[in-house]
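Open the model in your viewer and keep the sequence panel in sight. Each stop below says what to select and what is there.

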Amino acid sequence: MRILVTGKNGQLGRSIQKTVNADTKIGNNQSPNEYIFVCREDLDLSSKSSISHYFDNNDKFDIIINCAAYTQVDRAEQDAELANQINHLAIKQLANIANNQQAKIIHFSTDYVFDGESNKPYIETDTPNPINAYGRTKLAGEKALQALMPINAIIIRTSWLYSEYGNNFVSTMLKLGKERDELSVVNDQMGSPTYAADLADAILEIIKHKKFRDVGQTTQIYNYQNEGDISWHEFAKEIFKIEKIECEVNPISSHQYPTPAKRPRNTLMNKDKIVEAFNIKISNWSSSLNTCMTLLKQQQ
Ligand SMILES: NC(=O)c1ccc[n+]([C@@H]2O[C@H](COP(=O)([O-])OP(=O)(O)OC[C@H]3O[C@@H](n4cnc5c(N)ncnc54)[C@H](OP(=O)(O)O)[C@@H]3O)[C@@H](O)[C@H]2O)c1
């Protein structure tokens with residue numbers, strides 16, 4: 001199978017590359033899959049003509065894994081048009097192309113499609129109600145994909161993604177914690193961090209699974225985040241504990257830390273559907289954080 005992965009320099013794109021390389025090295029990759037990883041310069045999702053040009057000039061794909069996205073949540077408030085082009089209109093175009101090529105799509109969305117007011121973990125069929133521009137563009141992308149591809153696509157909603165690559169909450173805390181004696185971090189936004197390497201493993205499991213490979217499967221949304229329920233404040237404390245950083249973490253409320261984009265209060269998601277459909281095991285956030293931080297240390 002020819003598998004296209006967009007966003008190759010992003011956290012998830014890089015994590016998938018690492019997993020694919022490891023899988024090939026240990027000889028697990030029995031199927032003759034060919035992965036093609038592309039970046040913005042190869043395929044620019046902000047440009048209709050770049051998207052057409054890329055697919056017109058390349059052989060057909062069997063699967064498109066779309067890791068590229070406009071992910072700057074605060075900046076999206078002012079940049080809603082560009083965010084909408086990348087997170088919504090480009091998805092429409094990808095869906096039409098996938099239909100023409102009879103390709104499947106694996107696409108990613110966010111816990112920020114929800115308003116966070118639920119006191120229970122969100123299930124896939126709960127009604128979305130995004131409270132920021134980023135969430136609205138991601139929801140529009142989900143809806144466009146479902147409308148244009150009623151079969152052959154899956155949408156994975158994830159949350160609080162971090163990895164050993166690029167800028168994320170873990171790398172920001174490590175930097176700030178080494179510079180300062182104390183920090184204030186919000187303690188009234190609850191959710192679960194997701195280690196990008198765990199999500200990459202899950203994607204490879206899904207691709208191997210019969211339920212995904214069978215042609216004509218109804219398009220589905222699945223939730224994926226690591227197990228456990230914490231606040232950003234607890235997450236920061238654990239990062240410092242693992243790294244033995246002496247930095248006091250003061251709990252504050254979201255009101256004390258205003259940001260251009262509002263954040264949902266509680267975005268814990270129920271993962272039963274993806275676990276049952278693809279027989280996936282999901283690690284607890286704490287063990288995955290330890291794994292990521294061990295790798296970060298080795299890179300230093
Ligand atoms: N990060 C999170 O906390 C989080 C939470 C929930 C859901 N998600 C979703 O999970 C997915 C993966 O997120 P991530 O954290 O891996 O994102 P990321 O690290 O920000 O990477 C996004 C990638 O998209 C690429 N990109 C941006 N604009 C593009 C354009 N116009 N054309 C082509 N590529 C473009 C970026 O390219 P450059 O490297 O050139 O900038 C980057 O490689 C996304 O769908 C995101 O919405 C993320």
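Start with Val5, which counts as buried because its relative accessible area is 0%; buried means under 20% relative accessible area, exposed over 50%, and partly exposed in between, with a 1.4 Å probe and protein chains only. Val5 belongs to strand S1, residues 2–6. Helices (H or I, at least four residues) and strands (E, at least two) are DSSP runs, numbered from the N terminus. Now add Ala200 to the selection: Val5 and Ala200 are 195 residues apart in sequence, and their C-alpha atoms are 12 Å apart in space.

Two remarks on the model itself come before the next stop. The model is predicted, so local features need pLDDT of at least 70 and side-chain atom pairs count only at pLDDT 80 or more, while totals for chains, interfaces and linings use all residues. Residues are numbered from 1 along each chain as its sequence is written, and side-chain values use heavy atoms, with hydrogens and water left out.

**Helix H3**

Select residues 80–101. This is helix H3, with 22 residues. From its first C-alpha to its last, H3 reaches 30 Å, close to the 32 Å expected at 1.5 Å a residue; the expected span is 1.5 Å times one less than the number of residues. Where is the kink in H3 centred? Select Ile86: the kink there is about 35°, where the bend at a residue is the angle between axes fitted to the seven residues ending there and the seven starting there.

Two other residues of H3 are worth selecting. Leu94 lies in this helix and is buried, because its relative accessibility is 2%. The C-alpha atoms of Leu94 and Ala196 are 23 Å apart, with their positions 102 residues apart along the chain. Asn96 is in H3 too, but at a relative accessible area of 36% Asn96 is partly exposed. From the C-alpha of Asn96 to that of Ser283, 187 residues away along the chain, the separation is 35 Å.

Just after H3, select Gln102, which takes a positive phi of about 55°.

**The ligand**

Select the ligand and the residues near it, meaning those with a heavy atom within 4 Å. There are 24 residues around the ligand, and Arg40, Leu45, Thr71, Tyr134 and Lys138 come nearest. The shell divides into eleven nonpolar, ten polar and three charged residues. In this count Ala, Val, Leu, Ile, Met, Phe, Trp, Tyr, Cys and Pro are nonpolar, Asp, Glu, Lys and Arg are charged, and the others, Gly among them, are polar.

Next, look for polar contacts, which are pairs of N or O atoms within 3.5 Å; within protein, one must be able to donate a hydrogen and the other to accept it, and residues adjacent in sequence count only if both atoms are side-chain atoms. A polar backbone atom of Gly10 is 3.0 Å from an oxygen atom of the ligand. At Ala69, a backbone N or O atom lies 3.1 Å from a ligand oxygen. At Leu161, the distance from a polar backbone atom to an oxygen of the ligand is 2.9 Å. Taken alone the ligand exposes 900 Å², and the protein buries 82% of that; accessible areas come from the Shrake-Rupley method with a 1.4 Å probe, and for residues only the protein chains shown count as cover.

Which elements give two or more residues to the shell? They are helix H1 (11–25), strand S4 (104–110) and helix H4 (133–148). The largest share, three residues, comes from S4.

**Four loop residues**

Select Asn152, in the loop between H4 and strand S5 (153–158). Asn152 has a positive phi, near 75°, and is buried at a relative accessible area of 14%.

Move to Trp160, in the loop between S5 and strand S6 (161–162). Its phi is also positive, about 45°, and at 9% relative accessibility Trp160 is buried. Most residues other than glycine have a negative phi.

Asn168 is in the loop between S6 and helix H5 (169–179). Its relative accessibility is 7%, so Asn168 is buried. The side chains of Asn168 and Gln11 make a polar contact of 3.2 Å. A polar side-chain atom of Asn168 also lies 3.0 Å from the backbone oxygen of Ser163.

Finish at Ser192, in the loop between strand S8 (190–191) and strand S9 (194–195). Ser192 is buried, at 0% relative accessibility. Its side chain reaches the backbone oxygen of Asn226 at 2.7 Å.
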